[in-house]
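Morning, everyone. Please have the sequence and the coordinates open while I talk.

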Amino acid sequence: QVQLVETGGGLVQVGGSLSLSCTASGVTYRINRMGWYRQAPGQERTMIATMTDDAPTEYADSVAGRVIISRDGAKNAVYLQMYSLKPEDTAVYFCNAVDTYPFGENHWGQGTQVTVSS
């Protein structure tokens, strides 16, 4: 099993910046993709950014150019730097890790709230 713990959420003003961190523990050797998703009240959970081994980094169109995802393999960690935040970025942000084939299990963190105030 994999446990994911996110840190770094909080309240930020419009146009501000915020960084999120996620550390994985447990059976981490199977992980080949880590990323970030978010879910606003009443909306579906959507992908923000993902990094997959031997594949291009992906960003959602809604945040492209305003976020940077990075990974530290040695620390089993993934980070999300967010800039020029907008009120519509307000959501619970979830860390995600996916095990490689043939395991394929999907792991989620507990989520961290990001609120962008105007």
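In which sense do strand 7 and strand 8 pair, and over how many bridges? The sense is antiparallel, and strand 7 and strand 8 share six bridges. Before going on, I should say that this is a predicted model. Within that pairing, Ile69 is opposite Leu80 of strand 8. The two strands make a hairpin with four residues between them. In the turn, Asn76 has a positive phi of about 50 degrees.

Asn76 also leads to another part of the chain. Its side chain makes a polar contact of 3.4 Å with the side chain of Thr28. Thr28 is in the loop between strand 3 and strand 4. Is Thr28 buried or exposed? Thr28 is buried, at a relative accessible area of 15%, where the cut-off for buried is under 20%. Leaving out residues up to four places away in sequence, Thr28 touches Val2 and Asn76.

Next, the core. Leu80, from the hairpin, comes up again here: in the largest nonpolar core, which has 27 residues, Leu80 is among those with the most contacts inside the core, together with Met34, Trp36, Met82 and Tyr93. Which strands supply at least two residues each to this core? From the N-terminal side, they are strand 1 (2–7), strand 3 (18–26), strand 4 (31–39) and strand 5 (46–52). Then come strand 7 (67–72), strand 8 (77–82), strand 9 (91–99) and strand 11 (112–117).

Now the aromatic rings. A pair of rings is described by the distance of the centres and the angle of the planes. How many aromatic pairs are there? The count is two. One of them is Tyr37 with Trp108, edge-to-face, with 5.0 Å from centre to centre and 75 degrees between the planes. Tyr37 belongs to strand 4 and Trp108 to strand 10 (residues 106–108), so this pair ties together parts 71 residues apart in sequence.

The rings of Phe94 and Trp108 also pair: their centres are 6.4 Å apart and their planes stand at 90 degrees, so this is edge-to-face as well. Here the link runs from Phe94 in strand 9 to Trp108 in strand 10, 14 residues apart. Tyr37, Phe94 and Trp108 make up one aromatic cluster.

On accessibility, Tyr37 is buried at 16% relative accessible area and Phe94 is buried at 9%. Trp108 is partly exposed, at 34%. Trp108 has a charge over its ring too: the charged end of Arg45 sits 4.6 Å from the ring centre.

Last item, Arg30. Over the face of which ring does Arg30 lie? That ring is Phe103, with Arg30 at 4.0 Å from the ring centre. Arg30 is in the loop between strand 3 and strand 4, the loop that also holds Thr28. Arg30 counts as partly exposed, with 24% relative accessibility. Its side chain has a polar contact of 3.3 Å with the side chain of Tyr29. Setting aside neighbours within four places in sequence, Arg30 contacts Val98, Asp99, Thr100 and Phe103. For a sense of scale, the C-alpha atoms of Arg30 and Ser84 are 34 Å apart, with their positions 54 residues apart along the chain.

That is what I have; questions are welcome.

Technical notes. Residues are numbered from 1 along each chain as its sequence is written. This is a predicted model: local features need pLDDT of at least 70, side-chain atom pairs count only at pLDDT 80 or more; totals for chains, interfaces and linings use all residues. Side-chain values use heavy atoms; hydrogens and water are left out. A nonpolar core is a set of buried Ala, Val, Leu, Ile, Met, Phe, Trp, Tyr and Cys residues joined through side-chain atoms within 4.5 Å. Buried means under 20% relative accessible area, exposed over 50%, partly exposed in between (1.4 Å probe, protein chains only). A polar contact is a pair of N or O atoms within 3.5 Å; within protein, one must be able to donate a hydrogen and the other to accept it, and residues adjacent in sequence count only if both atoms are side-chain atoms. Contact means heavy atoms within 4.5 Å. Two strands pair if DSSP finds at least two bridges between them. Rings of Phe, Tyr and Trp (its six-membered ring) pair if their centres lie within 6.5 Å; planes under 30 degrees apart count as stacked, over 60 as edge-to-face and the rest as tilted. A charge sits over a ring if NZ of Lys or CZ of Arg is within 6 Å of the ring centre and within 35 degrees of the ring normal.
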